[in-house]
Amino acid sequence: MRGVRRVVHNAEGFADAVIKCRAAVAWGHKQPLVVEEIEVFPPRDHEIRIKVVATGMCHSDLYFLVDCEGWSGFPAVLGHEGAGIVESVGPHVTKFRPGDKVIPVPITQCGECRFCLNPESNLCEVSHITSRLKCKGQTLVQFAGISTFSEYTVVSEVALAKINDSAPLETVCLLGCGIPTGYGAAINIAKVKPGSTCAVFGLGAVGLAAVMGCKAAGATRIIVIDTNKDKFEKAKVFGATDFVNPKDHARPIQEVLVEMTNGGVDFSLECVGNVDVMRSAFESCVKGWGVSVVVGYTESGEVSTLPMQLLAGRTWKGCFFGGYKSVESVPKLVDEYMAKKLKVDEFVSHRLPLDRINEAVDLLVQGKSIRTVLEISQVQ
């Protein structure tokens, strides 16, 4: 299974072989992931099959595995923050060829729909492919249309970014989700200004990337809020200046922040995925011009605030993937990292092989990791 594999091509020259490989399969809600042998079928029109080299364990994977009670997407292969090498392409693919280094992205960019053509949006009307993965006769859901917890996967060409051929895949894989999500939320959506005061709620990888974005935009005071004080030292690396643990205060944290900042922060970013924290982040903003961005993902609960909070001139916004148009932006972020203009290595707290994927889950649940990079395959 892990030895040399002969690729079969059909009369048109396209790969026509089913690959058997290993993948971490999620068989059900709150069940441990199981490393199984799966079948990865050839790419169809406008699809690419890639060999996954490395992938990050993102909190969104954990959310759908553990927290999202209503999600019915099992059995599935999770993982959406990966990097790899093109193994084969399907018919009508012209932008990729075998050997290209690539990063699959969770938001498509077709370049032709009304959303892609609007410079104010990074959404896209084109949906992901149906699954090309099977295990024990069952079709596996491809999470986010990607499924990077597998040695091989198949993705749509509108969800794949070709990157610098010298980029280290075991590190730049993190540019497939978490870092652009937080960094872009500060740069592209909040549009943090030089000299401003910011508050970032939640210090996972997305929150730390938001801190980095606030710093890059010129914020002079960056207040971070988290119940895990062990993350404060790491936040300093990315530019945090003030540290607040809600457990240390008996009153709503927005009141604490308003007092700390003489009326409220200029910008706040919620990177937790909790509706109560979203309200706290919004109400911590100064009236008149304060901007709050919802970055964390959840399907539980509804956000609310008093109408006067909005009437007073505060702005409440949200975004996916940091507002970046995915396919065109990820290669640029990789180049920024290669030019030492963007921190990425600093997010990696652990590295584990695919066989130890449940340890990566546990580290995230326990708040002991920032990003665990799973080493899926060797680069040959």
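Over the face of which ring does Arg114 lie?

**View 1. Arg114 lies over the face of Phe115.** This is a predicted model. Arg114 sits 5.5 Å from the ring centre of Phe115.

**View 2. Ser147 sits in a loop and is buried.** The loop runs between β9 (141-142) and β10 (152-156). Ser147 has a relative accessible area of 0%. That value is under 20%, so Ser147 counts as buried. Leaving aside neighbours within four places in sequence, Ser147 is in contact with Val77, Leu78, Gly79, Leu133, Val141, Gln142 and Thr153. A polar atom of the Ser147 side chain lies 3.1 Å from the backbone nitrogen of Phe143. Ala23 is 124 residues from Ser147 in sequence. In space, the two are 9.0 Å apart, C-alpha to C-alpha.

**View 3. Helix α8 packs against several elements through its buried residues.** The helix spans residues 275-283. Its buried residues are Val275, Met278, Ser280, Ala281, Phe282 and Glu283. They pack against three strands named here by number and range: β12 (197-201), β15 (267-270) and β16 (291-294). Strand β17 (315-318) is another partner. The helices α7 (253-260) and α9 (307-311) also pack against these residues. At the start of α8, Asn274 makes a polar contact. One of its side-chain oxygens reaches to within 2.8 Å of the backbone nitrogen of Asp276.

**View 4. Tyr63 and Tyr297 form an edge-to-face pair.** How many aromatic pairs does the structure hold? There are 7. In the pair of Tyr63 and Tyr297, the ring centres are 5.8 Å apart and the planes meet at 80°. Tyr63 lies in helix α1 (residues 59-67), while Tyr297 lies in the loop between β16 and α9. The pair therefore ties together parts that are 234 residues apart in sequence. Is Tyr63 buried or exposed? Tyr63 is buried, at 6% relative accessible area. Tyr297 is partly exposed, at 33%.

**View 5. Phe232 and Phe243 form a tilted pair.** Their ring centres are 5.4 Å apart. Their planes stand at 45°, so the pair counts as tilted. Phe232 belongs to helix α6 (residues 232-238) and Phe243 to strand β14 (residues 242-244). The pair thus links parts 11 residues apart in sequence. Phe232 is buried, with 13% relative accessibility. Phe243 is partly exposed, with 30%.

**View 6. Ring pairs build a cluster.** Its members are Tyr63, Phe64, Phe143 and Tyr297. Phe143 also appears in View 2, where its backbone nitrogen lies 3.1 Å from a polar side-chain atom of Ser147.

Methods: Residues numbered from 1 in each chain as written. Predicted model: local features only at pLDDT ≥ 70, side-chain atom pairs only at ≥ 80, totals over all residues. Heavy atoms only, no water. Helix = DSSP H or I, 4+ residues; strand = E, 2+ residues; numbered from the N terminus. Buried < 20%, exposed > 50% of the residue type's maximum accessible area, 1.4 Å probe, protein only. Contact = heavy atoms within 4.5 Å. Polar contact = N/O pair within 3.5 Å; in protein donor to acceptor, adjacent residues only side chain to side chain. Phe/Tyr/Trp six-rings, centres within 6.5 Å; stacked < 30°, edge-to-face > 60°. Lys NZ or Arg CZ within 6 Å of the ring centre and 35° of its normal.
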